[in-house]
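Biologist: Hello! Could you walk me through this structure, one question at a time?

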Amino acid sequence: MKMILLGPPGSGKGTQAKMLSERLGVPQISTGDMLRAAVKEGTPMGLKAKAKMEAGGLVPDEVVVGIVKERLLKPDCDKGFILDGFPRTLAQADALKGTLSELNKQLDAVVSLEVDDDAVVGRIAGRRTCRDCGKMYHVEFDAPAVENKCDKCGGELFQRSDDQEETIRKRLEVYAEQTAPLIAYYKNDGILRDVDGMQNISAVQERILSELGCGQ
Ligand code: AP5
Ligand code: MG
């Protein structure tokens with residue numbers, strides 16, 4: 001399965017991508033996670049990306065296109081991949097088409113998660129992530145058994161630095177202006193699958209699997 005998960009910030013791309021990755025046995029490729037790792041390590045790319053990310057803007061196309069291209073060349077992508085948070089602009093979508101065509105590959109599906117703005121703000125404000133293993137929680141909708149402690153590895157949970165309400169609003173604006181046009185782009189390619197992302201996490205997962213023809 002070679003697919004993209006498209007959707008506004010907080011729509012559940014990361015949550016669904018992790019579950020799909022396990023279920024389908026293909027890697028999740030999250031540009032947000034890769035950029036956050038670069039910021040944490042203090043690499044030159046991370047230093048450049050940090051200010052943009054904290055302000056809720058986009059990192060330049062050539063930077064993300066480069067890291068995705070490099071990632072897609074790794075052997076674990078031979079059977080497929082789930083792109084989470086990429087592409088985010090029409091230029092990135094065109095670049096992805098070019099890269100896949102060089103690799104003789106083609107996308108199977110683009111799943112567009114539809115969630116309204118108020119729900120997004122509530123989801124992001126309540127999101128907590130494990131510092132050690134990256135597992136995500138929500139204080140209300142997907143709470144850990146022990147407050148601020150990861151169920152999986154016992155790590156400490158933290159809140160992302162771009163998850164303040166003002167930055168969330170900015171990220172939503174950027175999504176509407178620069179990323180939402182990709183819905184029409186992939187509809188035109190005939191591979192867009194709309195999924196109602198307002199249901200609970202497992203209902204959304206079932207819906208996606210059924211759209212992909214992998215349901216029970
Ligand atoms: P990125 O990390 O991709 O952030 P995002 O797109 O803003 O999306 P989020 O990760 O915030 O949300 P999500 O959709 O993954 O939702 P999640 O599953 O966590 O990008 C961050 C920044 O990096 C960008 O702003 C940009 O600066 C830069 N960047 C990244 N990619 C780039 C690119 N291609 N080009 C340029 N710049 C780029 O869920 C959210 C919360 O809701 C969680 O707490 C979860 O538990 C909960 N939840 C999930 N599903 C449900 C549900 N169905 N019901 C109730 N709660 C739910
Ligand atoms: Mg995410």
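Modeller: Gladly; we will go from the ligand to the residues around it and then to the cores.

Modeller: This is a predicted model, in which local features need pLDDT of at least 70, side-chain atom pairs count only at pLDDT 80 or more, and totals for chains, interfaces and linings use all residues. Residues are numbered from 1 along each chain as its sequence is written, chains are lettered from A and ligands numbered from 1 in the order in which they are written, and side-chain values use heavy atoms, with hydrogens and water left out.

Biologist: Which residues come nearest to ligand 1?

Modeller: A residue is near a molecule if one of its heavy atoms lies within 4 Å of it. Around ligand 1 there are 35 residues, and those that come nearest are Thr 15, Gly 57, Arg 88, Arg 127 and Arg 171.

Biologist: Which element gives the most to the shell around ligand 1?

Modeller: Helices (H or I, at least four residues) and strands (E, at least two) are DSSP runs, numbered from the N terminus. Helix 1 (13-24), helix 2 (31-41), strand 6 (136-138) and helix 9 (201-211) each supply at least two residues of that shell. With four residues, the top contributor is helix 2.

Biologist: How much of ligand 1 does the protein bury?

Modeller: Look at its polar neighbours to begin with: oxygen atoms of ligand 1 lie 2.6 Å from a side-chain N or O atom of Arg 127 and 2.7 Å from one of Arg 171. A nitrogen atom of ligand 1 is 2.8 Å from a backbone N or O atom of Gln 199. Taken alone, ligand 1 exposes 1000 Å² (Shrake-Rupley method, 1.4 Å probe), and the share that the protein buries is 97%.

Biologist: Which side chains make polar contacts with the side chain of Asp 163?

Modeller: Asp 163 sits in the loop between strand 7 (157-158) and helix 7 (165-179). A polar contact is a pair of N or O atoms within 3.5 Å; within protein, one must be able to donate a hydrogen and the other to accept it, and residues adjacent in sequence count only if both atoms are side-chain atoms. Asp 163 makes one at 3.0 Å and another at 2.9 Å. The partners are Arg 127 and Arg 171.

Biologist: Is Asp 163 buried or exposed?

Modeller: Buried means under 20% relative accessible area, exposed over 50%, partly exposed in between (1.4 Å probe, protein chains only). The relative accessibility of Asp 163 is 2%, so Asp 163 is buried.

Biologist: Which element gives the largest share of the largest nonpolar core?

Modeller: A nonpolar core is a set of buried Ala, Val, Leu, Ile, Met, Phe, Trp, Tyr and Cys residues joined through side-chain atoms within 4.5 Å. The largest has 28 residues, of which Leu 96, Leu 107 and Tyr 186 touch the most other members. Elements giving two or more residues to this core include strand 1 (2-6), helix 3 (44-55) and helix 4 (61-72). The largest share, six residues, is from helix 4.

Biologist: Where does the side chain of Lys 105 find a polar atom of Cys 77, and how far away?

Modeller: Lys 105 belongs to the loop between helix 5 and strand 4 (109-114), and its relative accessible area is 18%, so Lys 105 is buried. Contact means heavy atoms within 4.5 Å, and Lys 105 touches Cys 77 and Asp 78, among others. From a polar atom of the Lys 105 side chain to the backbone oxygen of Cys 77 is 3.3 Å.

Notes: Lists of a residue's contacts leave out its neighbours within four places in sequence.
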